[in-house]
Amino acid sequence: MTATDHQDLTRHLLRPDGQEDICLATYSVSTGAHRTSRLITSVELPRAGEREVHGNASITGGYVLRVAAQATRRGSGVVMLHSHPGGRGWQRMSTQDADAESSYADLVQQLTGMPLVGMTLAGNESWSARVWTEGRAEWAASVRRVGRTLVTSWNDELIPSIADTTTQARTISAWGEALHRDITRLRVLVVGVGSVGLDVVQRLAATGILEIGVMDFDRIETLNRDRMIGATRRDARLRRPKVDVAARLARQASTAKTFTVTRHHDSVCSPTGLADALDYDVIFSCVDRPWPRAVLNTVAYADLIPVIDGGIAIDVFESGGMRGATRRAQTATPEMPCLACTGQVDMTEVALEMSGDLDDPEYIRRAGRDSVSGRPNVAALCAAVSGSQLEQFVSLVAHPAGLGVPSALRFSLALHHLEHLPHQTQPYCPTESQIAVGDARTDLRRDGSWQHFRRGLRGRFNEVVDYWLEAIANSGR
């Protein structure tokens, strides 16, 4: 759920008088390769006469029917939420809780075609959740609330808490053992394991993260070795997949007692790559192309998976020599402007890459453009980009001083000037208008023959243009 929905639910469910309370919400589905997430889309608080509070709390059948009808019209499911004000951590159900949820589970399934989700809010604002199928409750592995910070409630029985207090002592001393056990259980994906991503992977592994995914469809070449620290001459000679090198270095750096690194030799723009990405809790975007960055930007809002993006641009004189360099870092997440609104994603460039023109030498020549491949890069500056992204990660999951991720940051090397970019969400932003829609997100995948794909892209691009023109026209009425 978004942090905003969490706040609304907490205000309702944790009453000043200490009694339990109850309410309903609707949810959408986000389907990964191995994980299915339910995303709260709207909080539907009870109207007068639709619930009673009497130490415990109960709701009327009319309330359930009203919200189920709304969910059906939207293609959504129903969530039943109640509170245990005296509870702490992941809550189990009492017999009364189970009876109340199971009594409505079949009805909700028949009306919406989707299973009932039950959730419990403990007094310390920790959540637990389960999904009702065939009269039985199947427990969730975790509940995540996403905004400027990422806070996760864990089901210890399904995702055990494992930390090595010997090898990770200095890290634990920075933010405490309890938070460390929460952070290390996050499934983290690094998309693009070149010069920046390779460093990110190793430092996450050294932190003690238990499960890391690495995604890249490219292979090591000799020209990569001046930036990919850890890649060997033999890796380049054998043209090893970059994910293989990243996995090897991650295992060497890991301090976890049990460590898993999963290799995805794929593109996040493909159907399989996107499905794999949806299995993770946090994603690092270490890509240098507009299309995958746009896909990840969509996932950050539609699927409530924070995306930590970074990049570097080096400007050189035509006669040779460096004019300057600029690095950027930001986290795409609800409550923050998306990558397109901050200018980190140019949708015109995305359309050109999807159509194939961005890599067409003839198009590049006619348009008087520079190729996106082979841009200048320097190993000495890549570490600053990875460091900036890792700082965003710490702000997101450890939230020092109670704060979360900042606005987009830009550092200019020549002037040694760091600035917080003042970007705001743009009117009619199509990405941020699709928060928590899950599988109904805008489809930017590569999913057909190249010619069919190009035609489809041009059609979708025209639809986007039409949408914006109509929105601008309506704003003037």
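**A friendly note on strand β7 and its surroundings**

1. Let's begin with a pairing: β7 and strand β8 (residues 136-139) run antiparallel and are joined by 4 bridges. Within this pair, T133 stands opposite R136 in β8. Keep in mind as you look around that this is a predicted model.

2. Next, see how the chain turns here. The hairpin of β7 and β8 has 2 residues between the strands, and E134 takes a positive phi near 50 degrees.

3. Now look at the partner on the N-terminal side in numbering, strand β6 (residues 117-122): β6 and β7 are antiparallel too, with 5 bridges joining them. One pairing to find is T120 with its bridge partner S128 in β7. This hairpin has 4 residues between the strands, and E125 in it takes a positive phi near 70 degrees.

4. Is β7 mostly covered or mostly open? Strand β7 (residues 127-133) is mostly covered, with 6 of its 7 residues buried.

5. The strands also lead us to a pocket. The second largest pocket has a volume of about 840 Å³. Its lining has 38 residues, and the closest to the centre are R35, A140, A141, S142 and R144. Strands β2 (36-44), β6, β7, β8 and β9 (142-146) each supply at least two lining residues, and β2 gives the most, with 5. By type, the lining divides into 22 nonpolar, 7 polar and 9 charged residues.

6. Finally, visit a helix. Helix α13 (residues 379-398) has 20 residues and reaches 28 Å from its first C-alpha to its last, close to the 28 Å expected. Just after α13, H399 takes a positive phi of about 35 degrees.

Terms used. Residues are numbered from 1 along each chain as its sequence is written. This is a predicted model: local features need pLDDT of at least 70, side-chain atom pairs count only at pLDDT 80 or more; totals for chains, interfaces and linings use all residues. Side-chain values use heavy atoms; hydrogens and water are left out. Buried means under 20% relative accessible area, exposed over 50%, partly exposed in between (1.4 Å probe, protein chains only). Two strands pair if DSSP finds at least two bridges between them. The expected span of a helix is 1.5 Å times one less than its number of residues. On a 1 Å grid over the protein atoms alone, a cavity is a set of points where a 1.4 Å probe fits but cannot get out, and a pocket is an open set with protein on both sides within 12 Å along at least five of seven lines; lining residues have an atom within 4 Å of a point. Grid points are joined across faces, edges and corners, and a volume is the space filled by probe spheres set on the points. Ala, Val, Leu, Ile, Met, Phe, Trp, Tyr, Cys and Pro count as nonpolar, Asp, Glu, Lys and Arg as charged, and the others, Gly among them, as polar.
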